[in-house]
Amino acid sequence: MESAEKEEISVEDEAVDKNVFKDCSKIAFYRRQKQLLSKKSTYRALLDSVTTGKDSARFQIINEPAKVPLLAEVCGIEGNIFRLKINEEIPLKPRYEVPDVLTSKLTTVRLTSCPGDTGSLVLASGKGDLKCHITANPFKVDLVSEEEVVMSINSLGQLYFEQLQIPPKQRQDELKPGKSEFTRQEEHGYLKATKKNEEDASIDTTQENQEELGLWEEKFENFVDVKVNGIIKIGVKQNSVTPLVPAGPASIGLDFSVHGFEHLYGIPQHAESHQLKNTSDGDAYRLYNLDVYGYKIHDKMGIYGSVPYLLAHKLGRTLGIFWLNASETLVEIKTEPAVKYTLTQMGPVAAKQKVGSRTDVHWMSESGIIDVFLLTGPTPSDVFKQYSYLTGTQAMPPLFSLGYHQCRWNYEDEQDVKAVDAGFDEHNIPYDVMWLDIEHTEGKSDPHIKIDPNYSVYAKAKEQGFFVKNHEGGDFEGVCWPGLSSYLDFTNPKVREWYSSLFAFSVYQGSTDILYIWNDMNEPSVFKGPEQTMQKNAIHHGNWEHRELHNIYGFYQQMATTEGLIQRSKGKERPFVLTRSFFAGSQKYGAVWTGDNTAEWSYLKISIPMLLTLSVTGISFCGADVGGFIGDPEAELLVRWYQAGAYQPFFRGHATMKTKRREPWLFGEEHTRLIREAIRERYTLLPYWYSLFYSAHLASQPVMR
């Protein structure tokens, strides 16, 4: 790492070969689920185990023939929402459940048991027009509205749950001489469960197949990901503790079928069409926050942010599915349109019967538990409100942030910034915000914390143990713009509290009440790391591996930054924080943009569906870099982009270094006039924009529709 510290970091470190990012064939948990689900293992609900409480109904699910139980919990939530959770009944260690995203303790609605067929359980919520119909064998859940099945869960039998295990080597050591009887007994329960877990998943435990399926370690490029998945303690006796061992693979999956629906939207962020596409002939949609410089368009690879939430819409009904999981997630979509006919024998007469449309959605995540919210609408506005009830509404922005923003990586110096500011006045073009990119900092010490004992932020964080750890217990170190860097563990509430305090005027040297904050590179970006990000077996607060919470890292940084700006004004001023990485609920903390786009017509075109997708998934304050971040736009493209950007929620011109300067007055008098008109139109409509954001903040209605 010493040599890395001395290397010159340049934009080329971001402009990486797309081959360094995975497609589905290179993702081990995807291969495991596809291979093992082909064997059609069946889960069965033990309805005689049902317990009904004030808040929920619980029952066991087992997989034949292993009979290792899972625990399912169904609850009704105020506002026509159902929640389904599935977890191990007795895990070797707790499995990660995503905190801090849901707005507060949700108000539950008591579910009442209704008469049903033998081998089934019917739970009704509220007035009884919404019912959850649970079939025992094979396990299936139907969501019924006014006697019509609108959604089915596990109807395709794709429930998949890898239960935590002890590694094969530790199991083989069980009966070795020298172990106490206590240790044998202590481990016996774990080993018995582990054996059943293997049977449950039909895992081929040969060395060759373990490597192919990435059970205990996964290789990609020059990196090896050891599947620690947290650690479990075995053989505890008084003050004697045996070595801690990995808990292994822990992926999950479940299918949902929405009946009568062909149009689905959501699961940002992808440079793709607004309507989600059928994935049968290609890769699944990937939700995995990554620093992708000049991302491809019409591609399902994950880029900067992830919102594991989609909407299904048809005439007269809208539904939502919110899959609360912060680990790497894949989503497959298959639509069967209502154009097929089958011959149905009705006595001696053959008749044609129309087959209704249906879309199947298959969610797969690397770890965690199944925790899914079913939003039943029935209108689009109802679904927007239901989702915001869970994750919060768009923060009301300060008025200035709805104006035009001018940015470049990077302006040369203070005189350059003053000259650009004067240029807007000279050409009679209004603007509200001037942005300074990373070059304005000393030694590029932010956004990642430069490893430098003389840098006070690093020294204090180091002293208090505030950095993410590597799997050996030391501070995780990676390369980014400052060179060799450490990464603050924003999942730790104490770290967030400390980080928020750094924005106080007395601490942030030279800051004033008109300075606001940009959280960039917070996927987190790690140059030369696996897929340009942090190793999955890095360790966070609570001994959670990075794989469990990767997609929520940037969410936590924006949360802490926003709180810092609120504190510095003693709650009197609304904060403004722009983030590149985000998760469900990020709308509570500020704005988002679409990252490192390119100065081409196709990127202007794709910006519209990208922003619409963010909007319907709760993040209304969103925009795309006007003119394209990478490359030099021709004059007409730049004009057209200003004209489009003026009608998008976050309106900012931005460009990377090594591009030609492109301030609005540099393309000739006619083009300057057209750009001026576009920006002025934005300001003419500013009261309307402000009203739209107020509606988004109060009533959850998207600003861009």
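The points below concern two helix contacts and the internal cavities of this predicted model.

1. Helix H9, which covers residues 493–501, packs against helix H11, residues 553–568, at an angle of about 45 degrees, and their axes lie 8 Å apart. Because angles under 35 degrees count as roughly parallel and those from 65 to 115 as roughly perpendicular, H9 is oblique to H11. The crossing of the two helices, H9 and H11, is right-handed.

2. On the H9 side, this contact is formed by Arg-496, Tyr-499, Ser-500 and Ser-501, while H11 contributes a set of residues that includes Tyr-556, Met-559, Ala-560, Glu-563 and Gln-567. Sorted by class, the residues in the contact of H9 with H11 are four nonpolar, six polar and two charged.

3. A second pair, H12 and helix H13 (residues 635–645), has axes that come within 10 Å and cross at roughly 10 degrees. Since angles under 35 degrees count as roughly parallel, H12 and H13 are therefore roughly parallel to each other.

4. From H12 the residues in this contact are Trp-601, Tyr-603 and Leu-604, and from H13 they are Glu-636, Leu-637, Arg-640, Trp-641 and Ala-644. The class count for the contact of H12 with H13 is six nonpolar, no polar and two charged residues.

5. Turning to the interior, the model holds eleven cavities of 30 Å³ or more, and the largest cavity has a volume of about 180 Å³. Of the 15 residues that line the largest cavity, Lys-22, Phe-223, Asp-225, Pro-530 and Lys-536 are the closest to its centre. Strand E12 (217–220) and strand E13 (223–226) each supply at least two residues of that lining, and by class the lining of the largest cavity divides into six nonpolar, three polar and six charged residues.

6. The second largest cavity encloses about 140 Å³ of space. It is lined by 17 residues, of which Phe-384, Ser-388, Ser-615, Gly-618 and Ser-700 are the closest to its centre. Helix H6 (380–391) and helix H12 (601–616) are the elements that give two or more residues to this lining, with H6 providing the largest share, three residues. The lining of the second largest cavity comprises six nonpolar, eleven polar and no charged residues.

7. Helix H12 thus appears in two of the settings described here, as it contributes to the lining of the second largest cavity and also makes a contact with H13 through Trp-601, Tyr-603 and Leu-604.

Notes. Residues numbered from 1 in each chain as written. Predicted model: local features only at pLDDT ≥ 70, side-chain atom pairs only at ≥ 80, totals over all residues. Heavy atoms only, no water. Axes fitted to C-alpha atoms, helices over the stretch in contact; angles between N-to-C directions. Helix = DSSP H or I, 4+ residues; strand = E, 2+ residues; numbered from the N terminus. Parallel < 35°, antiparallel > 145°, perpendicular 65-115°, else oblique. Left-handed = near helix turned anticlockwise from the far one by under 90°. Contact = heavy atoms within 4.5 Å. Nonpolar A, V, L, I, M, F, W, Y, C, P; charged D, E, K, R; others polar. 1 Å grid on protein atoms, 1.4 Å probe; cavity = no way out; pocket = protein on both sides within 12 Å on 5 of 7 lines; lining within 4 Å. Points joined across faces, edges and corners; volume = space filled by probe spheres on them.
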